[in-house]
Amino acid sequence: MNWRKSSYSGGGVNDDCVEVAFIGKAVAARDSKAPTAGALEVPPAAWSAFLSTVTPGGPATAAR
């Protein structure tokens, strides 16, 4: 899987965040400080709804 970390993450030692991977018909999210603990997989529509709720401007602005 190709995991992506948000550009909003500072990239330093203590800048743990959520990582996301797009895997076919699902979107997977995991905690970057515990990558082997597993991932939450949701359908793309659920991920888009989540981004619309937590991101001002919705999914289009969250893809930075």
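Buried means under 20% relative accessible area, exposed over 50%, and partly exposed in between (1.4 Å probe, protein chains only). This is a predicted model, where local features need pLDDT of at least 70, side-chain atom pairs count only at pLDDT 80 or more, and totals for chains, interfaces and linings use all residues. Residues are numbered from 1 along each chain as its sequence is written, and side-chain values use heavy atoms, with hydrogens and water left out.

**Exercise 1.** Work out in which order the strands form the sheet, and which strands stand at the edges.

*Solution.*
- Step 1: Start with the terms. Strands (E, at least two residues) and helices (H or I, at least four) are DSSP runs, numbered from the N terminus; two strands pair if DSSP finds at least two bridges between them.
- Step 2: Now read the order. The four strands make an open sheet, S1-S2-S3-S4, with antiparallel pairing.
- Step 3: Look at the edges. S1 (4-5) and S4 (40-42) each have a single partner strand, so one side of each is left without a neighbour in the sheet.

**Exercise 2.** Follow strand S3 (residues 26-31) and find its bridges to S2 and S4.

*Solution.*
- Step 1: Toward S2, there are six bridges in the antiparallel sense. One bridge joins alanine 21 to alanine 28 in S3.
- Step 2: Toward S4, there are three bridges, again antiparallel. Here alanine 28 has glutamate 41 as its partner.
- Step 3: Check the turn. The hairpin of S2 and S3 has two residues between the strands, and glycine 24 takes a positive phi near 65 degrees there.
- Step 4: Check the cover. Five of the six residues of S3 are buried.

**Exercise 3.** Find the residues of the largest nonpolar core and the elements that supply at least two of them each.

*Solution.*
- Step 1: A nonpolar core is a set of buried Ala, Val, Leu, Ile, Met, Phe, Trp, Tyr and Cys residues joined through side-chain atoms within 4.5 Å.
- Step 2: The largest one holds five residues: Val20, Val27, Ala29, Trp47 and Leu51. S3 and H1 each give at least two of these.

**Exercise 4.** Decide whether tryptophan 47 is buried or exposed, and classify its ring pair with phenylalanine 50.

*Solution.*
- Step 1: Tryptophan 47 has 16% relative accessibility, so this residue counts as buried. Phenylalanine 50, at 42%, counts as partly exposed.
- Step 2: Rings of Phe, Tyr and Trp (its six-membered ring) pair if their centres lie within 6.5 Å; planes under 30 degrees apart are stacked, over 60 edge-to-face, and the rest tilted.
- Step 3: The two ring centres are 5.3 Å apart and the planes stand at 35 degrees, so the pair is tilted.
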